[in-house]
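Open the model in a viewer and keep the sequence panel visible. The stops below are given as selections, each followed by what to look for there.

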Amino acid sequence: MHPREQTIFALSSGRPPSAISVIRVSGPLAKKTLEALAGRVPQPRMATRTLLRDSSGRPIDESIVLWFPGPASATGEDIAEFQIHGGRAVQAALFAALSGFANVRAAEPGEFTRRGFENGKLDLTEAEALDDLIHADTDRQRRQALRQLKGLLGDKARDWRKRIIEASALIEAGIDFSDEGDVPTELIAPALNAIGSLLLEIQEILAGQGRSERLRDGMTVAISGPPNVGKSTLINLLAKREVAIVSPYAGTTRDVIEVHLDLDGYPVTVIDTAGIRDTDDPVEQEGVRRARLRAAEADLVLWMTDSGQASGAHEVSGSAGATVWLVQNKIDLVGSKDSSAGGEGSRAKDGEGAFRISASRGDGISELVTALADFVRSFFGSGEGGLIGRERQRKLLQETADALQGSLAAARSGEELVAEELRAASQSLGRLLGRVDVEEILDVIFRDFCIGK
């Protein structure tokens with residue numbers, strides 16, 4: 001039997017131990033396994049309490065079972081669901097009983113969702129959104145993924161593809177009736193108008209997305225600078241926990257330390273890097289090399305120095321597209337009016353992208369965090385309401401727009417060329433939805449799903 005025709009099962013809830021574990025079974029033998037283990041098949045979609053028994057009649061657990069006959073199920077196949085107590089031994093016993101059935105096996109990552117996709121229960125944009133929803137760390141990520149799961153992009157793409165096909169039909173009719181005098185002109189003109197309108201709509205979406213797809217991965221902030229200026233203390237303050245070792249000795253941080261933050265609902269990764277300096281220590285040299293590399297890849301660099309030192313921000317000013325803020329630390333050690341708690345210098349932002357703080361005492365930290373939140377909101381722009389969630393989607397929409405542009409340019413060269421460009425545009429949208437020539441990318445997409453989804 002082909003693997004896709006086999007019945008699969010997996011844990012669909014959190015890892016044990018837990019109060020309840022949910023095990024789902026999907027495929028042609030789901031009904032047989034349910035009847036054998038529970039003694040009967042309950043009414044569809046009606047929770048029923050029963051004692052599960054293995055093939056030898058030994059009790060496994062008191063369970064709630066549900067029956068979802070296909071195609072009215074998440075996968076489009078028959079699905080049986082077992083809600084058992086969440087101990088490891090209970091789960092292992094049920095898995096062993098399920099494995100005892102011929103052609104019933106444990107599911108691969110994403111296999112439940114893939115079967116739903118292949119059975120027309122959701123398109124590829126919705127499958128990607130489900131993966132994003134599972135892995136969402138912040139509220140804004142959750143909201144964007146939920147909108148995509150409800151068809152935000154998929155519905156648009158289906159409408160666009162329908163309009164392209166309608167325009168193509170007019171062009172094809174013009175070609176077929178090219179010997180009928182005025183008929184080709186009467187058919188081609190409205191088709192070109194429709195194509196132009198659709199092109200403007202897609203171009204507007206592409207131009208207005210900004211960094212919407214970056215909401216999935218988040219923004220990266222690198223804390224960089226010379227050794228022993230308080231970088232590790234600052235990342236501990238931002239994380240509100242001890243994530244980095246703080247020491248008065250230079251060179252304590254040798255490797256890159258990362259912490260993931262939820263900043264006003266946006267995902268932000270803050271990186272503490274090794275102090276940048278010339279050194280003969282080969283381990284520290286590697287740490288400095290990694291620090292320079294991560295700073296160059298960051299979206300925002302907080303270049304820290306001791307208050308009164310030269311900035312040295314030129315160390316990262318040439319990084320690819322990164323914004324650099326100067327953060328002068330240890331103002332509490334400077335013998336001036338700024339050293340007192342609540343002094344103007346400790347709270348003020350010294351020009352654009354320059355801050356004076358005391359990481360040990362907390363002066364200026366709230367202002368720095370507020371500025372970070374403002375920067376994050378500006379960075380993501382209107383990403384929360386964006387249609388595009390992944391680079392794959394942006395690329396295929398751009399291919400669609402290019403093909404539509406090509407069809408308008410080809411209008412002076414012949415209807416056949418217009419029709420060919422429209423077919424290319426339709427195929428790009430088909431690949432976006434997962435309905436045309438996407439077999440080679442399915443494994444890549446679904447392999448990142450968790451087991452049981």
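Begin by selecting residues 18-26 and 79-86: these are strands β2 and β5, which pair in the antiparallel sense over eight bridges. Within this pairing, arginine 24 has glutamate 81 of β5 as its bridge partner. The model is a predicted one, and that applies to every stop on this tour.

Keep β5 selected and add residues 59-68, which form strand β4. The pairing of β4 with β5 is also antiparallel in sense, with five bridges. Here valine 65 is the residue to show as sticks, and its bridge partner in β5 is phenylalanine 82. Colour β5 by accessibility next: six of its eight residues are buried, so the strand is mostly covered.

**The loop at arginine 45**

Now select arginine 45, in the loop between α1 (30-38) and β3 (48-53). Is arginine 45 buried, partly exposed or exposed? Its relative accessibility is 49%, and arginine 45 therefore counts as partly exposed. Beyond the neighbours within four places in sequence, arginine 45 is in contact with Leu66, Trp67, Phe68, Pro69 and Ala72. Draw a C-alpha to C-alpha distance from arginine 45 to phenylalanine 68: the value is 5.7 Å, for two residues that are 23 apart in sequence.

**Helices α4 and α5**

Select residues 124-134 for α4 and 139-149 for α5. Their axes are 8 Å apart, and the helices pack at an angle of about 155°. Because of that angle, α4 is roughly antiparallel to α5. The crossing in which α4 passes α5 is left-handed. To see the contact, show Glu126, Ala129, Leu130, Asp132 and Leu133 on the α4 side, and Arg142, Ala145, Leu146, Gln148 and Leu149 on the α5 side. Coloured by class, the contact has six nonpolar, one polar and three charged residues.

**From α6 to the residues around 418**

Move to helix α6, residues 152-176, and pick glutamate 172 in it. Glutamate 172 counts as partly exposed, because its relative accessibility is 27%. Setting aside neighbours within four places in sequence, which residues is glutamate 172 in contact with? They are Ala419 and Arg423. Valine 418 can be added to the view: its C-alpha atom is separated from that of glutamate 172 by 9.4 Å, while the two residues are 246 apart along the chain.

**The six-stranded sheet**

Next, select the strands of the open sheet, whose order is β8-β9-β7-β10-β11-β12. The sheet has six strands and its pairing is mixed. At the edges are β8 (257-263) and β12, each of which pairs on one side only. Neighbouring strands are turned against each other by 20° on average, direction ignored.

Start at the β8 edge. Strand β9, residues 266-272, pairs with β8 over seven bridges in the antiparallel sense, and glutamate 258 has isoleucine 271 of β9 as its bridge partner.

Then go over to β10 (residues 300-306) and β11 (residues 323-329), which run parallel and are joined by seven bridges. Leucine 302 is partnered there by tryptophan 325 in β11. One step further along the order, β11 pairs with β12 (residues 354-356) in the parallel sense over three bridges. In this pair leucine 326 stands opposite alanine 354 of β12.

With the sheet still displayed, add helix α8, residues 231-239. Helix α8 lies across β7 (219-224), β8, β9 and β10, and runs at about 155° to β9.

**Helices α12 and α13**

Select residues 391-409 for α12 and 415-433 for α13. Their axes come within 8 Å and cross at roughly 165°. The two helices are therefore roughly antiparallel to each other, and their crossing is left-handed. Among the α12 residues in the contact are Leu396, Leu397, Ala403 and Leu404, and those of α13 include Val418, Leu422, Ala425 and Leu429. By class, the contact between α12 and α13 has 10 nonpolar, five polar and four charged residues.

**Whole chain**

Finally, clear the selection and view the protein chain. There are 14 helices and 12 strands in the protein chain. Of its 453 residues, 49% count as buried. Among contacts with a separation of 6 or more, 64% are between residues 24 or more positions apart.

Notes: Residues are numbered from 1 along each chain as its sequence is written. This is a predicted model: local features need pLDDT of at least 70, side-chain atom pairs count only at pLDDT 80 or more; totals for chains, interfaces and linings use all residues. Side-chain values use heavy atoms; hydrogens and water are left out. Axes are lines fitted to C-alpha atoms, for helices over the stretch in contact, and angles run from 0 to 180 degrees between N-to-C directions. Helices (H or I, at least four residues) and strands (E, at least two) are DSSP runs, numbered from the N terminus. Angles under 35 degrees count as roughly parallel, over 145 as roughly antiparallel, 65 to 115 as roughly perpendicular and the rest as oblique. A crossing is left-handed if the near helix is turned anticlockwise from the far one by less than a right angle, and right-handed if clockwise. Contact means heavy atoms within 4.5 Å. Ala, Val, Leu, Ile, Met, Phe, Trp, Tyr, Cys and Pro count as nonpolar, Asp, Glu, Lys and Arg as charged, and the others, Gly among them, as polar. Two strands pair if DSSP finds at least two bridges between them. Buried means under 20% relative accessible area, exposed over 50%, partly exposed in between (1.4 Å probe, protein chains only).
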